[in-house]
Amino acid sequence: MAGRVPEMSGPTYVLPDPSHPHLARIIGSETEDDAPPTAIRTQLDSGSALEDADPDIHSVRALSMASHESLKALNTKHDDSDDFWEPSAPWGLQWMCGPLWMRRLMCLGILGVIAAAILVPVAIFVIAPKLAQMILNNANFDFISADILEPNETGFLFHAVAKITNTGPIGANVEFNGPVTVRYKDVPIMTMSIPSLDVVANIGGPHLSASIDTTGQANILNADAFAGFAKAAIFSETFDWRLTGRATGNVFGLHIGVDFDKTLSLKGLDGLKNVTILLLDFPPGPATGGIKLAVTANLFNPSPVGMQLGNIKFNVSVNGTQVGYAASTNVTAKKGDNVVSINGVIDSVKTTEQSNLISKLLGDFLNGQGASFDVIGAEIRPTDPSKPPIVWLQKAFIGLVVPFGLPPLKLDTGLIRKVVAPAFKITFDPKEPWKPKMGAKSVVAEIQLPFVISFSVSSGSLNLKMLSDKGETIASLDSGWIPIRSNISGLTGNLSTDLNSGTLVIADNQRAAFQNLLKTVLFTDGDVNIPLIVTASANATTAAGNISISNITVKQTLPFAGVNGLSGTPIDIRSFDVVTSTPTYIDLKIVAAIVNPSNVAFDLNSDLNFDLIAHNQTVANVNFPNVSLTLGSNVVTAIARYQPVSADARTAGQQLISSFINGESAVVSLRGKANSSILAPLGPAFEAITLSSALPAFTISESFVTGFTFPTVAIEFDPSNPWSPKMSAPGVTGFVKLPWALGLSAKQIQMTINMLDALGSSTAIATLQTGWIPTTSSFTGTTGSLSVSVDGATLNISPNHQQDFVKLLTGVLFGTGTVKIPISALANAVGNVPAVGDISLQNFKYSSSIDVAGLQGLAGTPIVLESFDITGGTADGVTIGFTGSIVNPSSVSLNLHSDVKLQLVYQGQVLGHATLPNLNVVVGTNRVTASALYSPQTDAAKAAGLQLLNSYIAGNPVTVEIKGSPDSSPLPPIAPVLAGVSITGSLPGLTTKLLVRSRMAINPLTILALMVDAAFDATNPTGGQFTVTHMTGDIMYRGEILGTVDADTKIDIAPHATVSSPAIPVKLRLSIQDLLAVFDLLGNTLTASVVVKSISASIGAYPITVSGYQQDNIPVSLVLKI
């Protein structure tokens, strides 16, 4: 075929038709002889015309343009005149008549055109195929990413992003003829599609480049071989794959077929060895079954190859031994950083080897040494649980070993935030003073965990090193294995233990430093934080079982609280007793309280010896035997030998004893000295000590009287001077305690006793002065008692505190049980000491209370009425006389020397009043004869009074209340007290019957009208005149009404007398048959009952109404009246 070259192997080309008019014109086959040069230039300049005529001509455009530019350049160089290319001159004329150089130039141009016509086909048929193959062969394929997505058994989506460089100086379009085959180790493993490539020029550079960003389906050709390829991609640092296929390149507008065979070397995932743990946590879980782990890690993928792995499972291994398992879901390992969440479990410990490995792993981690473990691929499945595992992916993944390195922790001060120890104890042995023992109860370490993990610690060991400011070890202590208690929640918690007494090992070259440390602790006011290095080991129980963690070292401080020289709280000398007295010395026993404000207790197992200083002189030596200073207050006993040596010391001692005897304050001090302690570590500390204290002088004013007892108290009021009653108190006993056993014998005493407004108050509301009165005493050692009797001493009540005195009396009158009367007492006494003679003890005080039994409002026992009689009546009311018993349960007697008037109350209504004449209430039972007036004033009171009278007359007992009122007493101190009195008493019902017998006279003339006359024998149960003026009631016989009475009458009955009444008409309520039966009973006596509806009567001049009275078994005689 014309225009074709013989068919060859390799690239094939399609050539332009040589008969094409534009091409023929260029190579001269169809050039007109008379065509001017301008026409050639015009055609060369017009690239668009060639392109429009035939796109194949585009490939020779560059050469044509080059020739055109060369001619133009020559024209410009040799002649700048406008007529050199005069278009009007004929071509032949220009050729023939032009100068030689122009003809030569024209020949060169023609030769150039002829050469181009020859070279362009050569470039098309020979150079262009080579250029196309060179583009693919020399191109560098730099994959930015090559991701395997949505994998399955037969293929996956392949997303590739790559740039192609080093393609040479020629641009092209490369179109792949079908999928590219990927080979690994010369075995086809998959096919994939690559899109067309547009090779374009680099901006600013001589070379061209292209890029790929495509997602297409890749089909696996050999699953086993592809599994090997995938494993190599995952495990290797680099791997090679070979891409083969056919492509068509479009170069110079020519479609050129080329072979594509490219071996590419890519970085592998390198086993994902570059792992960084971002977050490590231990989620809560059951107490057994293993330790849960939650790891957030960054898996760095150095390869451009990414894989969508799905759900994966690992075995967790330490040093080749499996200790657990882990899993992660929806994992994709893309290029670069991949943050994944992995949940795992450290299995329950089943072997000693596992226990040791886990213990070392956690121990190294916590100790800041770093720790590592491996996760080994065990299973991989698609994210969709309904899909089966992918075999080739499993083969590639299973066995993958991913190293995990736990970042080393810096726990210098982080793990243990604070150490709290409420109590330390240092025990010294005088035989080995440089080997003291130290223990501590309830030492608590507050911890801050770097992660949440559930565990408990059962035992552990501690090694403590006390450091100097220079970091040198002063002393060390090894606890050995001890029980530990743990309480941990989340990230915080505490570990507590009791440090048994372990030996403090003090280096020989650190003894002076240890002495200085103890001196600092002894004299510091506040905390002494001793630098400490703690090395700890522990046995812990976790969800994985029991593990041991060894040699965790942290820096902390030992929190000692300073002793403040034992002077923060002054020494409290509680007792000062004479043990032995000789002509040359006195041995004193001192009991004192010394406060140790520290949290460090010292058990010295030896004595401390101090000088007792008074007035800057040593007057005694004080020895504290076998000293043990516990925390807080220490009550210690010391023996002091008073034996001043020098004259000045004796003078100072005399002043001290004088102050002591006379109750003056005396300040003494204890001063250390070189031999205060035989313990070398404590010698410098106690030599420097000075303690001050107030000697408990013979302060009788504070310590002499310890209490009073008043068996009985009698208060007697004078109505003419009620605010100055007399008080008597026989057998008053005062209890005393002397500081020394002096053998004191008391002779007389003078007391001023103030009653106070409240306990603890100093405000006196009443004052009693006894004057000098005889006293007796009895002592055993330092304790004894004084006995006196107060007889009729005046109690002067302060005008400004009269109401307070009323309040006090109210408390006594209404108090139940013991009533405390606040008092303060000031006394002077005269006594005798055999070795000294009479001494006067001045102004000794007592402030407390005296105890009396309250009167309980006189209501503790109800009033017992021994007699009760209605004595008469006036227009104002009914007079009553009674005798009763009132019980005073108190130890206080009240003699009022005046009457007391109390209200009579029934059902809350005042019915009258009772008068208790010249009342004197002694201790115990008081028999009282009183009078009362029954005189209700209101309708409600009268109604209540009527109920009381009817109940009383009916023989029913009645409970009445006797109440006080503001007018109950004429005595101002007593009246408001009695206003609150409320005493109940039981009034027994009347036992005397009102009716004795009855006679019923039957008249034949009136019986037919059912009327008869009846008479009654009536009794007056009162002590006053009783008059009946009207009666209404029923006469009952065998439960039936025999007759009714409703008639005026007048029956006068003398006190306690019985009279017969006049005839009273009775209306019978009988049938004819019952009436005839009555005649049969004439001359007989019936037993009937009377039910009184109403009796109008009067007692004396006071009218009363009796209702509801019923009396049974009344004999009724039936007689015939003619």
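Two strands pair if DSSP finds at least two bridges between them. The exercises below apply to a predicted model.

**Exercise 1.** Determine which residue of β51 stands opposite L904, and describe how strands β47 and β51 pair.

*Solution.* Begin with the strands: β47 covers residues 900-906 and β51 covers residues 958-963. Their pairing is antiparallel and runs over 3 bridges. Within β51, the residue opposite L904 is I962.

**Exercise 2.** Place this pair in its sheet and identify the edge strands.

*Solution.* The sheet is open, has 7 strands and follows the order β44-β45-β50-β48-β47-β51-β52, with antiparallel pairing. At its edges are β44 (864-873) and β52 (982-987), each of which pairs on one side only. On average, neighbouring strands are turned by 30° against each other, direction ignored. Helix α15 (residues 939-953) packs on this sheet; among the strands it touches are β47 and β51. The direction of α15 makes about 70° with that of β48.

**Exercise 3.** Decide whether S317 is buried or exposed, and describe its surroundings.

*Solution.* S317 lies in strand β12 (residues 305-318). Buried means under 20% relative accessible area. S317 has 5% relative accessibility and therefore counts as buried. Its side chain reaches the backbone nitrogen of T321 at 3.3 Å. Not counting residues up to four places away in sequence, S317 touches Q322, V323, F373, D374 and I376.

**Exercise 4.** State how many residues the largest nonpolar core has, and which helix gives the most to it.

*Solution.* The largest nonpolar core has 173 residues, and W392 is one of those with the most contacts inside it. Helix α7 (residues 223-235) gives the most, with 8 residues. A second, separate core has 126 residues, including L738 and L978.

Technical notes. Residues numbered from 1 in each chain as written. Predicted model: local features only at pLDDT ≥ 70, side-chain atom pairs only at ≥ 80, totals over all residues. Heavy atoms only, no water. Helix = DSSP H or I, 4+ residues; strand = E, 2+ residues; numbered from the N terminus. Buried < 20%, exposed > 50% of the residue type's maximum accessible area, 1.4 Å probe, protein only. Polar contact = N/O pair within 3.5 Å; in protein donor to acceptor, adjacent residues only side chain to side chain. Contact = heavy atoms within 4.5 Å. Core = buried A, V, L, I, M, F, W, Y, C linked by side-chain atoms within 4.5 Å. Axes fitted to C-alpha atoms, helices over the stretch in contact; angles between N-to-C directions.
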